[in-house]
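Me: I have a model open and would like a close look at one part of it. Please start with a hairpin and then work outward to its surroundings.

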Amino acid sequence: MKTRVTPFSEPQISTGAGQDCLVVIYAPNSNQLGKRFSLSNGAVRIGRGAENDVILYSDSVSRQHARVEKRDVHYHVVDMQSTNGTYVNDELVHERQLRRGDQIKIGDTIMKFLSGANLESQYHETIYRMTIIDGLTGIHNKRYLVEQLDRELSRATRHGRPLTLVICDIDHFKRVNDEFGHLAGDHVLKEVAQLAKSRLRPDDVIARYGGEEIAVILPETDLRGGIRIADELRKMIAAETFIFEEDDIDVTISCGVAQLDPTWRSHDFVRAADERLYEAKRAGRNRVCPA
């Protein structure tokens with residue numbers, strides 16, 4: 001399945017402060033991030049068709065995909081026999097009572113359910129997290145990576161401490177999207193990111209660098225240590241079978257590793273790791289190449 005994304009329509013429902021709402025935390029069109037849809041009317045329809053309250057123009061969204069409705073004091077999301085299904089916290093559901101903070105995935109858009117007291121605080125916390133966290137994978141985003149890389153580079157240079165950068169890319173990721181669909185690709189990307197995160201130390205920084213690329217900053221780590229960690233990540237991911245609905249999906253990663261040279265600036269550092277990543281790709285993939 002190929003996904004074509006066009007911009008959202010303007011919301012057809014009010015977005016008043018202090019009301020239970022859905023907030024867009026991940027969308028193909030970045031201009032829609034943070035958009036808030038009020039649930040004050042008690043029922044909201046979501047889909048590709050013009051008759052919906054929340055209209056998502058994407059081939060991965062059905063014309064009438066899902067609805068959110070209030071029953072007594074609780075909200076429920078109900079799938080309306082959509083083609084690609086409705087997910088709550090990555091679980092495929094037909095119907096589910098929503099709890100504060102639940103994430104609803106409709107096609108390639110993720111919305112967060114905010115409810116209860118302190119709604120404005122919840123909303124602003126959600127918006128803040130969107131500035132540093134990638135909404136799809138749950139790891140940091142490129143903006144945060146760049147800020148942290150500058151900080152760690154300055155600290156390492158000032159104190160003469162080692163610093164290593166790893167950039168990894170999922171091999172043949174386009175094949176995953178082409179064979180299993182973009183929703184499966186999203187699932188694999190998130191699972192790879194979370195699996196890699198589980199291996200890292202508290203002071204390490206992992207972020208989605210772009211597309212299917214993941215970068216890891218390793219403070220107090222020399223090139224040899226960076227190679228060891230990168231190879232552990234590579235082996236972990238190669239050994240894992242990712243399951244999306246009824247499909248088993250196996251992937252591998254290639255990694256480039258570079259240790260900071262004291263004369264480098266951050267763009268030199270990234271370029272060194274990135275060049276080694278592409279060397280790993282040229283050498284056959286599923287391998288680690290150090291600078």
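How many bridges join strand β15 to strand β16, and do they run parallel or antiparallel?

Reply: This is a predicted model, so please read what follows as computed from it.

Start with the hairpin. Strand β15 covers residues 241–244, and strand β16 covers residues 247–250. The two are joined by 4 bridges and run antiparallel. One pair is easy to find: F242 has I249 in β16 as its bridge partner. Between β15 and β16 sit 2 residues. E245 is in that turn, and its phi is positive, at about 55°. Most residues other than glycine have a negative phi.

Two loop residues share that feature. Q81 has a phi near 55°, a positive value in a residue other than glycine. Look for Q81 in the loop between β6 (74–79) and β7 (86–88). Its relative accessibility is 76%, over the 50% cut-off, so Q81 counts as exposed. H172 is the other example, with a positive phi near 50°. H172 sits in the loop between β12 (163–170) and α3 (173–180). At 35% relative accessible area, H172 is partly exposed, because the value falls between 20% and 50%.

Now follow β12 into its sheet. That sheet is open, has 5 strands and runs in the order β13-β14-β12-β17-β18. Its pairing is mixed. The edges are β13 (205–210) and β18 (288–290). Each has a single partner strand, so one side of each has no neighbour in the sheet. From one strand to the next, the twist averages 20°. Inside the sheet, 7 bridges join β12 to β14 (residues 213–219). These two strands run antiparallel. L163 is bridged to P219 in β14. In a regular strand the side chains alternate between the two faces of the sheet.

β7, at the far end of the Q81 loop, leads to another sheet. This open sheet is built from 6 strands in the order β2-β1-β11-β10-β7-β8. Its pairing is antiparallel. Here the edge strands are β2 (36–38) and β8 (91–93). Each again has a single partner strand, so one side of each is left free of a neighbour in the sheet. Neighbouring strands are turned by 30° against each other on average, direction ignored. At one end of the order, β1 and β2 run antiparallel and are joined by 3 bridges. C21 stands opposite S38 in β2.

β1 also takes you to the largest pocket. The volume of this pocket is about 410 Å³. β1 (21–26), α1 (119–132) and α4 (182–199) are the elements that give two or more residues to its lining. α1 gives the most, with 3 residues. In total, 21 residues line the largest pocket. Those nearest its centre are I25, I133, D134, G135 and L136. By type, the lining holds 8 nonpolar, 8 polar and 5 charged residues.

Where does the largest pocket lie with respect to domain 1 and domain 2? Domain 1 spans 21–131, and domain 2 spans 142–290. Both give residues to the lining, so the largest pocket lies between them.

Conventions:
Residues numbered from 1 in each chain as written. Predicted model: local features only at pLDDT ≥ 70, side-chain atom pairs only at ≥ 80, totals over all residues. Heavy atoms only, no water. 1 Å grid on protein atoms, 1.4 Å probe; cavity = no way out; pocket = protein on both sides within 12 Å on 5 of 7 lines; lining within 4 Å. Points joined across faces, edges and corners; volume = space filled by probe spheres on them. Nonpolar A, V, L, I, M, F, W, Y, C, P; charged D, E, K, R; others polar. Domains from an automatic or database assignment. Pairing = 2+ DSSP bridges. Axes fitted to C-alpha atoms, helices over the stretch in contact; angles between N-to-C directions. Buried < 20%, exposed > 50% of the residue type's maximum accessible area, 1.4 Å probe, protein only.
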